[in-house]
Amino acid sequence: MLNPKDIIDLIADNLRKTKNPFGIPRFAVNNWWKKANVPQQGDALLFTGLMYQFVPYIETSTAYLARVEDTRWADYLKYGKYIPKLLSGLGLAAITPGREKKKFNGILMDIAEILTKSRVDFYYDPRLDDYSGVLLYDLGDQDGFVQHARYVAAKLKQNGVKKLITVDPHTTYALKILFPKYTGVSFEVYTYFELLNLTSKNGHRKIALHDPCFYGRYLELSDVPARVLASVDIECAPIASSGRFTNCCGGPAESISPKLSTEVGSRRIAELEKSNDPIVAMCPICLGNLRKAGAEVEDLSTVLARQAK
């Protein structure tokens with residue numbers, strides 16, 4: 001295992017200085033919208049929280065962390081915060097495969113497509129789309145999280161934002177539960193799949209749907225994606241551990257112990273594969289971690305976009 005304090009300090013330092021946990025300049029992280037037909041005005045702001053955009057960089061960085069875990073080189077990670085952010089951020093961006101960036105940008109384009117198809121009145125403004133800071137909260141740096149959350153909440157409020165459409169469970173939990181508690185600022189928060197109205201003539205399918213912890217246990221929204229999938233004639237196979245009793249993908253541990261993360265993910269894959277149906281995730285962290293542990297996984301939005309064509 002890596003030293004948790006070294007990792008937390010590095011992430012917190014990146015977030016304070018660059019407003020994202022990896023120190024990557026915004027222009028390098030968030031550009032999916034340039035090739036998407038997204039409205040610039042509407043009733044609710046599509047707020048990605050940059051989570052899908054970060055996954056390729058998470059996969060690249062954790063691959064390097066896995067190499068040094070339990071070696072003497074792990075002790076040098078604490079010096080990472082002294083490297084100039086522009087240098088380290090652009091370096092990480094340069095070594096992250098372009099095909100992976102394109103793949104996860106495509107997921108966001110799928111979400112925008114099915115929202116448009118469902119006639120949802122939304123808009124996207126990349127200047128207002130920030131990381132929520134939720135990883136600091138998950139890792140126990142509550143003060144760092146609150147400081148960043150206040151920045152994000154104030155920025156949204158100053159720009160007149162009242163309604164938000166989220167695309168991942170971590171950001172949804174942060175905005176819906178943590179922001180009101182720690183910043184005193186509340187928004188109307190909806191997951192994108194709560195707003196969908198889709199139909200399909202593409203025939204019946206069956207999938208194994210993985211419930212992420214935040215949707216299943218804390219927000220209790222697992223039944224909503226199942227209903228949306230049923231509307232396009234996609235059946236969810238019974239999974240023993242699901243809903244409020246879902247099992248973790250291992251993702252939350254990946255920055256502290258890649259080995260433990262892969263072990264937990266492998267156990268979850270074994271549960272999902274019992275149905276012999278294609279595995280579908282609805283969280284960028286789950287998607288990345290289950291793939292890293294060896295599974296073929298698609299995102300919920302991609303499945304819905306394809307089935308609703």
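The following paragraphs describe the nonpolar core, the cysteines, the surroundings of helix H12 and several individual residues of a predicted model.

In soluble globular proteins, nonpolar side chains tend to be buried together. In the present model, the largest nonpolar core comprises 99 residues. The residues with the most contacts inside this core are Leu115, Leu156, Tyr192, Leu196 and Leu304. For Leu304, the contacts beyond four places in sequence are with Ile114, Leu196, Leu198, Val228, Leu229 and Val232. Leu196 therefore appears both among the core residues with the most contacts and among the neighbours of Leu304, where a contact denotes heavy atoms within 4.5 Å.

A search of the whole structure returned zero disulfides. Cys249 is in no disulfide, and the nearest cysteine sulfur, that of Cys286, is 3.7 Å away. Likewise, Cys283 is in no disulfide, its nearest cysteine sulfur, again that of Cys286, being 3.8 Å away. Because a disulfide requires a pair of cysteine sulfur atoms within 2.5 Å, neither the separation of 3.7 Å for Cys249 nor that of 3.8 Å for Cys283 qualifies. Both cysteines are withdrawn from solvent by the accessibility criterion: Cys249 is buried with a relative accessible area of 4%, and Cys283 is buried with a value of 0%. Cys286, the partner in each of these sulfur distances, is itself among the buried residues of helix H12.

Helix H12 is mostly covered, with seven of its nine residues buried. These are Pro284, Ile285, Cys286, Leu287, Gly288, Asn289 and Leu290. The elements covering them include helices H3, H5 (98-117), H8 (169-183) and H11, together with strands S7 (279-281) and S8 (297-299).

Two packed helices are described by the angle between their axes and the distance between the axes. For H11 (residues 258-272) and H12 (residues 284-292), the axes come within 8 Å and cross at roughly 90°. The two helices are therefore roughly perpendicular to each other. On the H11 side, the contact is made by Ser261, Thr262, Gly265, Arg268, Ile269 and Leu272, and on the H12 side by Asn289, Leu290 and Lys292. By residue class, this contact divides into three nonpolar, four polar and two charged residues. Asn289 and Leu290 thus contribute to the contact with H11 and also belong to the buried set of H12.

Glycine 294 follows H12 and has a positive phi, near 115°. This glycine lies in the loop between H12 and S8 and is exposed, with a relative accessible area of 61%. Its C-alpha atom is separated by 33 Å from that of Lys117, a residue 177 positions away along the chain.

Proline 212 occupies the loop between strand S5 (205-209) and helix H9 and is buried, at a relative accessible area of 2%. Its contacts beyond four places in sequence are Pro169, Thr246, Met282, Cys283 and Cys286. Two cysteines considered above, Cys283 and Cys286, are thus included among the neighbours of Pro212. The C-alpha atoms of Pro212 and His170, 42 residues apart along the chain, are separated by 9.3 Å.

Most residues other than glycine have a negative phi, and most peptide bonds are trans. Two non-glycine residues with positive phi are found in loops: Leu50, with phi near 65°, and Glu220, with phi near 50°. Leu50 is placed between strand S1 (44-47) and H3, whereas Glu220 is placed between H9 (213-218) and H10 (223-231). Their accessibilities fall into separate classes: Leu50 counts as buried at 5%, while Glu220 is partly exposed at 48%.

Further contacts involve helices H1 and H3. Asn14, in H1 (residues 4-18), counts as buried at 7% relative accessibility. Beyond four places in sequence, Asn14 touches Lys19, Asn20, Pro21, Phe22, Gly23 and Lys85. Ser61, in H3 (residues 51-68), touches Phe22 and Leu92 under the same sequence exclusion. Phe22 is therefore contacted by Asn14 as well as by Ser61, a contact being defined by heavy atoms within 4.5 Å. Ser61 and Phe22 are 39 residues apart in sequence, and their C-alpha atoms are 9.1 Å apart in space.

Definitions and conventions:
Residues numbered from 1 in each chain as written. Predicted model: local features only at pLDDT ≥ 70, side-chain atom pairs only at ≥ 80, totals over all residues. Heavy atoms only, no water. Core = buried A, V, L, I, M, F, W, Y, C linked by side-chain atoms within 4.5 Å. Buried < 20%, exposed > 50% of the residue type's maximum accessible area, 1.4 Å probe, protein only. Axes fitted to C-alpha atoms, helices over the stretch in contact; angles between N-to-C directions. Helix = DSSP H or I, 4+ residues; strand = E, 2+ residues; numbered from the N terminus. Parallel < 35°, antiparallel > 145°, perpendicular 65-115°, else oblique. Nonpolar A, V, L, I, M, F, W, Y, C, P; charged D, E, K, R; others polar.
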